[in-house]
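Could you take me through this model, one selection at a time? I have it open in a viewer and would like to know what to click on and what I will find there.

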Amino acid sequence: MKIKRSVYRFLLAFIMILVVASSFLFKQTIDYKWENRELILQNDSLRGVVIELSRLIDTTKTAAIPRKK
């Protein structure tokens, strides 16, 4: 019976440690996003520019290919 109690205590302690650790990591993620919000927005806008330029290059390359009649 003592073995079962110690196993249950260990499992309870392990679950509590996991909950505390995950909440700490979640808070760190939120803090990181909040502190670096400007950089994240710049990165997103740069990705948009790269996508638009890629589309423009693709359309100009497609337009430059002579078509067989």
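Here is a tour that starts with the whole chain and then moves along the helices.

**Stop 1: the whole chain**

Keep in mind throughout that this is a predicted model. Show the protein chain as a cartoon, and you will see two helices and zero strands. Now switch on the surface: its accessible area comes to about 7300 Å², and 69% of that belongs to carbon and sulfur atoms. How much of the chain is buried? Of the 69 residues, buried ones make up 1%.

**Stop 2: helix H1**

Select residues 2-35, which form helix H1. From the first C-alpha to the last, the 34 residues of H1 reach 49 Å. That is close to the 50 Å expected at 1.5 Å a residue. H1 is also hardly covered, as the count of buried residues among its 34 is zero.

**Stop 3: two phenylalanine rings**

Next, show the side chains of phenylalanine 10 and phenylalanine 14. A search of the whole structure finds one aromatic pair, and these two rings form it, stacked at 6.2 Å centre to centre with 20 degrees between the planes. The angle counts as stacked because the planes are under 30 degrees apart. Why can these two side chains meet along one helix? The two phenylalanines are four residues apart in H1, so about one helical turn separates them. An α-helix has 3.6 residues a turn, so residues three or four places apart point the same way. As for solvent, phenylalanine 10 is exposed, with a relative accessible area of 57%, while phenylalanine 14 is partly exposed at 43%.

**Stop 4: the nonpolar patch**

Stay with those rings and add Ile3, Val7, Tyr8, Leu11, Ile15, Leu18 and Val19 to the selection. Together with Phe10 and Phe14, these residues make a nonpolar surface patch of about 950 Å². One of the patch members to find along the way is isoleucine 15, which lies in helix H1.

**Stop 5: further along H1**

Move on to threonine 29, also found in helix H1. The threonine 29 side chain reaches back to the backbone oxygen of leucine 25, at 2.9 Å. Threonine 29 counts as partly exposed, with 39% relative accessibility.

Now select lysine 27 and aspartate 31. Their side chains meet in a salt bridge, 3.2 Å from N to O. The spacing here is again four residues in helix H1, so about one helical turn lies between aspartate 31 and lysine 27. Are these residues buried or partly exposed? Aspartate 31 counts as partly exposed at 28% relative accessibility, and lysine 27 is partly exposed too, at 47%.

**Stop 6: helix H2**

For the last selection, go to helix H2, residues 37-64. Show glutamate 52 and arginine 55, which form a salt bridge with their closest N and O atoms 3.3 Å apart. Glutamate 52 and arginine 55 are three residues apart in H2, so about one helical turn separates them as well. Glutamate 52 is partly exposed, with a relative accessible area of 47%, whereas arginine 55 counts as exposed at 52%. Arginine 55 falls in the exposed class because the cut-off is over 50%. How many salt bridges does the count come to? It comes to two: one joins aspartate 31 to lysine 27, and the other joins glutamate 52 to arginine 55.

Technical notes: Residues numbered from 1 in each chain as written. Predicted model: local features only at pLDDT ≥ 70, side-chain atom pairs only at ≥ 80, totals over all residues. Heavy atoms only, no water. Phe/Tyr/Trp six-rings, centres within 6.5 Å; stacked < 30°, edge-to-face > 60°. Buried < 20%, exposed > 50% of the residue type's maximum accessible area, 1.4 Å probe, protein only. Expected span 1.5 Å × (residues − 1). Patch = residues over 30% accessible without salt bridge, like charges linked within 9 Å, V, L, I, M, F, W, Y side chains within 5 Å. Areas by Shrake-Rupley, 256 points an atom, 1.4 Å probe, with all protein chains shown as cover. Salt bridge = Lys/Arg side-chain N within 4 Å of Asp/Glu carboxyl O. Polar contact = N/O pair within 3.5 Å; in protein donor to acceptor, adjacent residues only side chain to side chain.
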